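Hi,

Here is the structure I promised you, with the sequence alongside. My notes on one helix and the pockets follow below.

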Amino acid sequence: MRVSAFAPLALIAFATPATAQTQPDPVRLRADVEKLVSFGTRHTLSDPDHPTRGIGAARRWFATALARIGEGCGDCIEVANLARTFSNDRAPKGVEVVDVLGFQPGRDPKRVVIVMGHIDSRVTDPMDATSDAPGANDDASGVALVLEAARILSKEKFDATIVYAALSGEEQGLFGGQLLAETAKERGWTVSAVLNNDIVGNTIGQGGTRVADRVRLFSEGIRQVESLDEQLARRGDGGEDDGLSRALAKAVDGVAGGLPRGLDVVLVRRPDRFGRGGDHTPFLKLGYPAVRFTVGVENYDAQHQDLRTEAGRAYGDTVDRMDFAYLAKVTAINVATIRRLAKAPAAPARVTIGGALATDTSVEWEAVPGALGYRVHWRRADAQDWQHHVDVKANQATLKGVIVDDNFVGVSALGADGSESLVTFGGRRR
């Protein structure tokens, strides 16, 4: 067993090998969700030491499952715990929050693609750490997706390091997301993408409405981390719809469009559901590209509810409300997106354009280590998606006949197999 390159995170022992899979398996996803539900409650304040019930038992099971996958691919996944004590009004006495992480090292150990869900659950009272809180859809669905992604992608080699994460403390204050985001900053990781999966496994919503053909993807446009001057500069360049996270969302949409019998990705142009947040939020606060997957329709009777039946109406986040064929499709989108971005080089750090008072647009960008070429994209200024592109070897290009006033331009980096990074939007030279 290799010692993790991410020490001093505590390593967890490996278990037995897993069977290789190439497509997301609804049966396996169901089994993983049912196992997580079997721990009774996974509340962040529940007993961390009980062998079969509570947050600690759930985290240990997830670590063992990841370790089993790692052993099956020749120790290609290094399992580690990341822990810190947090306190707020939902954790007034303080609580040790533990994120369980699996690192699949790529050629570049410092560049990462993160796929994650939160392992904790809750009922109506956010301080109730003892009642049964199955948390099947919120968010055993996301954690099961992470495991399934690891089973599939662990058999492949990548340029970037993939981080498989089960986060704790989401329901108490996004603690696990904050812990991982701040760790990324402290350790100098280049974060190419954060895919947060939270409530991704149901198709029957409030009132019995069924939505099984789409998944919502939330992303910010103007980056939260940008200063007022930077926001004004983006506005002047017309890049409000092309921040890092929005570029990631568009990439996910493009990937999903190429999957047979897949889902429509609905790009919701706000960071999260109205007035709400998730574990990707702390990454946005630090300027990283991060998005949230959530089902096409929510069932509020199954979110943060005590298990009960009132006037014939059932409440609670239970397995029977889920659709595992649908969850497999959301998993497939995540897997395909990770595969593209982890095989590709990093995105260009900065792209500048020129061409005022001219009929051609000039484009320049910083060279990207490991890139074998670049793709220069452009679109008419009234379009949301890239419409045209040209591939080049150098880190500059001239777009003949493309008038800068009427078009937006961006550049992505290409890997050896043609895998493409996110597109970096082009702005004025300053």
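In helix α6, Ala 233, Arg 234 and Asp 237 are buried (under 20% relative accessible area, with a 1.4 Å probe and protein chains only). Seen down the helix axis, the buried residues of α6 fall within an arc of 100°, taken from the directions from the axis to the C-beta atoms, so they line one face. Leu 228, Arg 235 and Gly 236, on the other side of α6, are exposed (over 50%). The cover over the buried residues includes β17 (407-414) and β18. Gly 238, just after α6, has a positive phi of about 80°.

Bear in mind that this is a predicted model: local features need pLDDT of at least 70, side-chain atom pairs count only at pLDDT 80 or more, and totals for chains, interfaces and linings use all residues. Residues are numbered from 1 along each chain as its sequence is written, and side-chain values use heavy atoms, leaving out hydrogens and water.

Now the pockets. A pocket here is an open set of points on a 1 Å grid over the protein atoms alone, where a 1.4 Å probe fits, with protein on both sides within 12 Å along at least five of seven lines; lining residues have an atom within 4 Å of a point. The largest has a volume of about 1,100 Å³. Among its 45 lining residues, Arg 223, Leu 244, Pro 348, Ala 349 and Thr 424 are the closest to the centre. Elements giving two or more residues to this lining include α6 (228-237) and β18 (424-428).

The second largest pocket has a volume of about 370 Å³.

Best wishes

Methods: Points joined across faces, edges and corners; volume = space filled by probe spheres on them. Helix = DSSP H or I, 4+ residues; strand = E, 2+ residues; numbered from the N terminus. Contact = heavy atoms within 4.5 Å.
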